[in-house]
Every structure is written in C-alpha cells, then in structure tokens.
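Student: I would like to check the labels on this model. Can we take them one by one?

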Amino acid sequence: MTLVRERRHQQALRLSLPPPTPSPDFRQRTYLPALSPATSPDSPCIENLSELEKMAVLGHGNGGTVYKVCHKKTSSVYALKILRFNHDATAVRQQAAREAEILKLVDSPYIIRCHGVLDYGMTDTDNVGDLCFVMEYMEGGSLHDLLRARQRLPEQVISGVARRVLHGLAYLHGMHIVHRDIKPSNLLINGKGEVKIADFGVSDVVAGACEACDSYKGTCAYMSPERFDPERWGSDGSDGFAGDVWSLGVVVLQCHMGRFPLIGPGQKPDWATLMCVMCFGERLEMPETASPELQSFIGRCLEKDWRKRATVAELLDHPFVDISCCCSTQELVDYVLHG
Ligand SMILES: Nc1ncnc2c1ncn2[C@@H]1O[C@H](COP(=O)(O)OP(=O)(O)OP(=O)(O)O)[C@@H](O)[C@H]1O
C-alpha cells in the first residue's frame with residue numbers, strides 16, 4: 001500500500017483545486033466577488049509533491065500534519081499542510097474543499113497566502129487520499145507556540161497582534177467571509193513581524209444571517225454565546241461576524257492571563273463547563289492587572305449579547321489598538337524571534 005501511494009505521489013499530481021463539494025445550501029449562500037487566484041504571480045508553479053523536500057514537522061492539527069518544505073528548484077521555503085482522508089472521512093474532504101475555495105478568494109497581507117492545492121484523490125487501489133496545501137512559511141510559528149514559550153505577553157505585543165488580526169478580520173468580513181475558528185494556533189507570525197490569519201476549514205462565505213446548524217463548527221473554547229446557545233442568545237439575524245470578535249476577545253484575554261480564560265485555573269474548557277459560564281454565568285470579570293484600555297477592549301469583545309458587541313470597525317478605533325500603543329513590526333520580530 002505504501003508503494004502504491006508513493007508511486008501515486010510521483011505521478012498524477014497537478015496544481016489544481018479539489019472539486020468543490022459544498023452543500024447546495026452553501027452554494028446558494030455563496031457570495032462570489034471577483035476571484036483572485038490562489039497562487040500569487042511570483043510563486044512557482046508547484047505541480048508535484050516530488051518538487052518539495054520535507055525539512056521538518058511544524059505541527060499537527062485535527063485533520064493532518066504541517067511540514068516545513070523546500071522547493072528544490074528555487075530553494076524557497078514553504079509550509080505544506082497535508083490533510084488525509086479515506087472513504088469514511090467525507091467531512092474532512094468537504095472541510096478541505098471549503099478551505100481551498102475560501103483561500104482562492106482571499107488576497108491580503110493579513111491572511112495566510114496559499115500557493116496552491118495538490119489533490120491526490122482516492123484511487124480504486126488505494127483507500128486513502130490527501131489534499132495538500134502549499135502555504136507561505138511563517139517562521140515565527142503560531143500565537144499558540146508563543147504563548148507556550150512565554151505564558152503571558154506584554155500589553156504592547158498583545159495590542160500589536162490584536163491590531164493586525166483586526167485588519168485581517170476587517171478584510172474577511174468585507175469579503176463576507178466568517179472565519180469561525182479564531183484561536184491562538186490559527187494566528188501565525190512571520191520574520192517580518194506580520195501576523196496572519198490561517199485555517200479556513202470551518203469558514204464560510206455568507207450573505208445574510210447564518211443558520212443555526214452552523215453553530216457547532218470551530219473550536220468550542222473560543223466559541224461565542226450565540227453559537228453555543230442560539231436559542232438563549234437569539235442568533236436570529238446574526239451574520240456570524242460578531243462570533244469572530246468574541247473569539248478575538250478570548251484570545252486577547254488569554255495572552256494577558258497566560259492561561260485559557262473564562263474558567264478557573266485547572267478547569268478544562270470542555271463543552272459542559274463552557275456552556276455553564278456562557279449561558280448561566282455572571283458578567284465576566286476583568287483581571288485587575290490589565291490596563292483600563294485593555295479591560296475596555298476585552299469588555300467590548302466579550303459582550304455576551306452579540307447585538308451589543310463591538311464590530312471590527314469599532315475595535316480598530318479603540319485606544320487599546322491605537323498605533324501609538326502597539327509594538328512596531330520590528331519590536332514584534334525582536335520579541336517573537338529573538339526573545
Ligand atoms: N504556514 C505555516 N507556517 C508555519 N507554521 C505553521 C503554518 N501553518 C501551520 N503551522 C504550524 O502547524 C500547527 C498545526 O496547524 P494546523 O492548521 O494543522 O492545526 P491547528 O490549527 O494547530 O489545529 P486544528 O486543526 O485543531 O485547528 C500550527 O499550530 C502551527 O504551529
């Protein structure tokens with residue numbers, strides 16, 4: 001079986017997007033602005049995995065593994081995300097196809113660039129298929145990696161990261177794209193001090209209100225009250241953008257506290273515990289160690305009623321992320337890469 005797979009990887013490999021498999025409903029709700037190509041004009045045309053050499057494993061996610069790879073011909077370095085699926089994993093393939101569709105639409109310095117998608121569908125002899133995303137390599141790793149190394153981040157760094165993520169969200173929301181999985185491991189930092197949003201596996205292009213059935217996508221720890229409990233928080237009319245703002249608020253608070261917030265130290269952020277905090281708990285308490293600006297910013301993000309929550313545009317004007325308070329790109333590079 002390994003031989004068959006290896007041979008397949010040397011042969012039928014094309015730079016092509018997988019056939020989209022979204023539900024008819026997804027198609028109906030899809031808003032399609034002018035398509036920008038998934039590959040940038042300056043990126044080489046990678047048509048085969050054999051053109052890439054694996055250098056290291058960068059991390060593991062739910063559906064697959066991310067490798068640091070080198071393009072043999074140009075010596076350029078990329079991140080290669082391989083999602084594996086079999087006959088039973090229709091959901092994984094649908095998720096990957098959705099991610100490829102969204103990556104085709106986006107083109108922003110605040111969003112991870114995808115240089116191409118290689119589709120190794122299942123064959124009659126092989127029950128396993130791979131979808132491979134060739135992405136720009138972010139040498140600073142993820143915010144999750146940074147938090148693991150430093151526990152807590154200084155406010156200047158948090159504000160710099162938050163400002164950049166807000167720019168990314170402003171771009172996505174302007175394109176009618178809801179990310180739905182904003183969390184530290186999906187925020188990547190590179191050697192130029194850029195922070196980019198990655199991982200669009202549960203994202204969606206929306207035109208109007210989201211449906212209740214979409215509520216359970218994404219990581220539950222960063223999920224907003226209206227997605228946890230649409231009945232109580234009245235998700236009717238919500239376009240889903242406010243959910244991304246909530247998630248950013250949780251991330252910002254986590255960067256300040258050095259642990260997952262919303263629950264007590266040592267508690268696990270499982271569904272039941274979070275449900276109690278979100279739906280039955282009192283107003284969330286702000287840590288006294290945070291500056292008034294940070295407390296106010298978090299308060300505007302973690303407003304349980306999504307109608308009262310700040311929008312991305314409002315937050316971009318918030319004093320906490322004012323350009324004079326944020327760390328510069330050089331300061332961010334120094335902090336992330338050189339400690
Ligand atoms: N473009 C990239 N450049 C550098 N490192 C990356 C890149 N993409 C992902 N990584 C690293 O690989 C790890 C795994 O990424 P992946 O997107 O597969 O999963 P995840 O977001 O950590 O988890 P989940 O699948 O549960 O959402 C990330 O946490 C990050 O450390």
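Tutor: What follows covers the ligand shell and then two loop residues.

Tutor: This is a predicted model, where local features need pLDDT of at least 70, side-chain atom pairs count only at pLDDT 80 or more, and totals for chains, interfaces and linings use all residues. Residues are numbered from 1 along each chain as its sequence is written, and side-chain values use heavy atoms, with hydrogens and water left out.

Student: What makes the Asn186 pair with the ligand a polar contact?

Tutor: A polar contact is a pair of N or O atoms within 3.5 Å. A polar side-chain atom of Asn186 is 2.7 Å from a ligand oxygen, so the pair meets that cut-off. Lys183 has such an atom at 2.9 Å from an oxygen of the ligand. For Lys81, the distance from a side-chain N or O atom to a ligand oxygen is 3.2 Å.

Student: Why is Asp199 called partly exposed?

Tutor: Its relative accessibility is 21%, so Asp199 counts as partly exposed. Buried means under 20% relative accessible area, exposed over 50%, and partly exposed in between (1.4 Å probe, protein chains only). Asp199 sits in the loop between strand E8 (195-197) and strand E9 (204-205).

Student: Why is Leu262 called buried?

Tutor: Leu262 has 15% relative accessibility, so it counts as buried. The loop between helix H8 (241-257) and helix H9 (271-280) holds Leu262.

Student: What is notable about phi in Leu262?

Tutor: Phi of Leu262 is near 75°, a positive value in a residue other than glycine. Most residues other than glycine have a negative phi.

Key:
A polar contact is a pair of N or O atoms within 3.5 Å; within protein, one must be able to donate a hydrogen and the other to accept it, and residues adjacent in sequence count only if both atoms are side-chain atoms. Helices (H or I, at least four residues) and strands (E, at least two) are DSSP runs, numbered from the N terminus.
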